[in-house]
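Let's take a walk through this protein together, starting at one end and stopping at a few spots along the way. Have the sequence and the 3D view ready.

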Amino acid sequence: MHIIPRPGDKHKCNVPEFYQAFIEQKGYKRLAPKTMARMMHLLCKCNSFDRRTGQWKSLRPHPQGGTDFRTMKDLLSDVLSVAAEVCPIRFFLAKRTTNFLFLPECQTTEEGPGTKFCVDAPSYSREAVPGTASNYIATVPRKSAAIYTGDVGVTWELRCWDHYSENDHSEYLILKSAEHMFFNDLRRMGHISVTFEGRTARIWCHTRAHSVVTERFDIDKNPEEFIQLILFTSFASPFQLGFDPTIHRIVVDGMVHYQFDVVLRDGTHHEYRSVSVEHEDSKARLYGRAMRVYKVVECGVENGPFHVVQDYWRFDDEYSSEEAKSQDAIFGALEKALPEDEFAAVRRHFMTILADGAVMHKNHDTHQTKALPHLNYRRRFRTVCKEHCETLHQVQDPATFFFGLSQLIYILDKLRRAGYLHRDISLGNVMLHCIDARATELSERYITKLADLELAIACDKVAKEDFSVGTRAFMAIEVHMRRHIFLGDPNEWKHLVVFQYFVPNPLHDLESALWLAVHFVYHHCSLRVLKNTPWETMRGYLDEIASYRESIFTAGTRERELFVLIAGSTFLPFREHMEQLYGPETVMLKLSSVLERLRRTYLAVEAERMSEEEIEQRMARDPRRVARRLSLAVFEEHAGLWDEARDVFREISEYFVKNSDSLVNISDIDFATGKIEGEEEAPMPEVAEDGPIDAENAPAVTADGPFIVDDAPTAEAALKKGKDAAQEDKATAEKLNFTQSTRKRKRNGEAEGGGKRKRSPQSLNPEIPRAAKVTRRSARLASRGPQV
């Protein structure tokens, strides 16, 4: 994947502006002119810099032309020795925070797009904790050097020639390495890079918003600036190099975890330690929100409950609000619109937010100060929730899934009465919190919670200029198209309220909830139907359904628009697909009645007419006229739609509670054979050829089960038995590795909008290699057979 910065992602400035914007704001001071003059005098005296030729002697010309950077380490050693002599307190060599290491072709393997690390030289921490959450190790082919990339403070890309092709390639590699650094280590707020093209250098600072690069400076004509760079990359603190001081790497029981320093909403300081990664962006984009979700426990609390930490980046002027502020505003509107008992009941369906806001360190914002006013910065935000929940995307049980949807409709109905919109209903934003794992009734075991309220807004505060926001796979079709499509007779359009302009309304949140149900039923099928239908026939059904599913979950397609425009019991594709997936007269067909009721409600609501006075003002184009929008009363007239949707979801849930009709995720079906991946066939019973076994010849039995008592095997027999077992283990390991990778690819491909990637806790362990490597190593060891 070639990285090409978009307009606005890459900015240029001069060297003094760069230091002022990204370095000096964090407390680092450049050398004074008098001190620099003394250093230059000593460097010339020790023949490190030739003042007569105006060149650094350590950087000799390359035999094939250009600059030979193999002696760069010697040059840095000379500069640091002189700095220790001039400023022994500040630049005492034992105070160095990083070591420079020249490692051409230094790289790591690529786990996902954009995560490859490839530079010529890193400056890495001298006090490193082995490993990070992603546990990448920088290695050099045919060499034994190994550095954890989470410990790299500065990356260097050294090109021998100053040519435009070399410059483009150098820029590509440096952006690639910055992508990897941010993906590999959560602590990164920024990353410093240096590129050399011949005798000219550039300094880079990468953030989640953009990359800023200095103008080129010649290290021979401007040696003072080169010395400043060497001293900064060698003695800068981790905070000055771009590491977040509120996140620490710790090792617990041989496993690497993150520890978060958090200031709660009540002003108290708490520390939380990561247990596992719940979600992260697998695409590893350099510029973006970079949302990561961690399952955590509070430090110092033994056997305490699990909590959730969300870490993400957002612009200062972003249209979304902080989640805690949005939740407080929603609670205020609900309290005014609902009786006290109803408000108390619905409040339980929201997350308990312990901390939310921009990350602060010693009462100072951790993001870079706006020293370059023309740039727009992203700030790091962190949200801590009391409850650790399961998203609907993780739920595969139909009874539990539709139970969660029924409670979601209850929440949306209360939001409608309070005049609020969520605007981002998706599988990842609807949570199931387990309140009693021992309970048998779903209502006593789970409670649905609505999360991610950053985009929530009051209905009367939505402006027609606002962007369409939300998860595209579950977005209402009118919101994506930004126009009303149920207007009826075109001759009457000019008299309709909705004809004036488009804004979202409560029906759009309800439609998003229905898309969640449609997404579930189109990604599963009945196990009974799968077993009883010939595979060739069933595969034809599934291929057709997969093609149709892709079309309706692609925003802007005609099939998606028709799905809502002509939905109902007469909508043949939906009814036909449900019968093919779940059998005739399936309970899933009840969804068509809700879709039909939604279509009729759209038609009724959007038929509201303007008054004669409003029509006259509109025709006269009166500048004092204020175009009104749909009133909340018109939605109250059709409140039965929310009740019907809730009843249907509850009925579907109760059906699967009472019936043993199991469902299968379509992505788990092997389309070559029709079998479910990972399903084991029942072993055939063994029949004795010589009749029943008498008590005398019966196998001995121990507490661990029966085993055959036999004489000790010979060496030849043991060797043969070991080789056979090794071959069997090797085949099993390869089959398991292939099955797991295939299932992972399929599920990642099926997770449209709201899909959240699960990471196993083992991925946090620096001592345990990746599963594929473990499998291959086990197969190699097994192939050797037993030692006789």
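A residue counts as buried when its relative accessible area is under 20%, as exposed when that area is over 50%, and as partly exposed in between. Keep in mind, too, that what you're looking at is a predicted model.

With that in hand, look at helix α1, which covers residues 15–23. Which of its residues are buried? They are Val15, Phe18, Tyr19, Ala21, Phe22 and Ile23. And what do these buried residues pack against? Their partners are the strands β1 (10–13), β11 (191–197), β12 (200–206), β13 (211–214) and β14 (217–218), together with helix α5 (223–235). There's also a nice detail at the start of α1: a side-chain oxygen of asparagine 14 comes to within 2.8 Å of the backbone nitrogen of glutamate 17.

Move along to the loop that links α2 (33–45) and β2 (49–50), and you'll find asparagine 47. This residue isn't a glycine, yet its phi is positive, at about 65°. Its relative accessibility is 49%, so asparagine 47 counts as partly exposed.

Next comes helix α7 (residues 340–347), home to glutamate 342. With a relative accessible area of 23%, glutamate 342 is partly exposed. If you set aside residues up to four places away in sequence, glutamate 342 touches Tyr410, Lys414 and Arg417. Take lysine 414: 72 residues separate it from glutamate 342 in sequence, but their C-alpha atoms are 8.8 Å apart in space.

Now for asparagine 429, which sits in the loop between β25 (420–421) and β26 (430–434). Is asparagine 429 buried or exposed? It's buried, with a relative accessible area of 4%. A polar atom of its side chain lies 2.6 Å from the backbone oxygen of aspartate 424. Leaving out neighbours within four places in sequence, asparagine 429 is in contact with His422, Asp424, Lys449, Leu450, Ala451 and Asp452.

That last partner deserves a stop of its own. Aspartate 452 belongs to the loop between β27 (446–450) and β28 (457–458). Aspartate 452 has a positive phi of about 55° although it is not a glycine. Its relative accessible area is 18%, so aspartate 452 is buried.

Helix α9 (residues 442–445) is where you'll find serine 443. Serine 443 is partly exposed, at 48% relative accessible area. Beyond its neighbours within four places in sequence, serine 443 is in contact with Phe403 and Ile435. Check glycine 404 as well: it is 39 residues from serine 443 along the chain, and the two C-alpha atoms are 9.5 Å apart.

Our final stop is a pair of helices. Two packed helices are described by the angle between their axes and the distance between the axes. Here the pair is α11 (residues 506–522) and α13 (residues 535–552), whose axes come within 11 Å and cross at roughly 160°. The two helices are therefore roughly antiparallel to each other, and α11 passes α13 in a left-handed crossing. Which residues make the contact? From α11 there are Trp515, Val518 and Tyr522, while α13 brings in Ile545, Tyr548, Arg549 and Ile552. Sorted by character, the residues of this contact divide into six nonpolar, no polar and one charged.

Terms used. Residues are numbered from 1 along each chain as its sequence is written. This is a predicted model: local features need pLDDT of at least 70, side-chain atom pairs count only at pLDDT 80 or more; totals for chains, interfaces and linings use all residues. Side-chain values use heavy atoms; hydrogens and water are left out. Axes are lines fitted to C-alpha atoms, for helices over the stretch in contact, and angles run from 0 to 180 degrees between N-to-C directions. Helices (H or I, at least four residues) and strands (E, at least two) are DSSP runs, numbered from the N terminus. Angles under 35 degrees count as roughly parallel, over 145 as roughly antiparallel, 65 to 115 as roughly perpendicular and the rest as oblique. A crossing is left-handed if the near helix is turned anticlockwise from the far one by less than a right angle, and right-handed if clockwise. Contact means heavy atoms within 4.5 Å. Ala, Val, Leu, Ile, Met, Phe, Trp, Tyr, Cys and Pro count as nonpolar, Asp, Glu, Lys and Arg as charged, and the others, Gly among them, as polar. Buried means under 20% relative accessible area, exposed over 50%, partly exposed in between (1.4 Å probe, protein chains only). A polar contact is a pair of N or O atoms within 3.5 Å; within protein, one must be able to donate a hydrogen and the other to accept it, and residues adjacent in sequence count only if both atoms are side-chain atoms.
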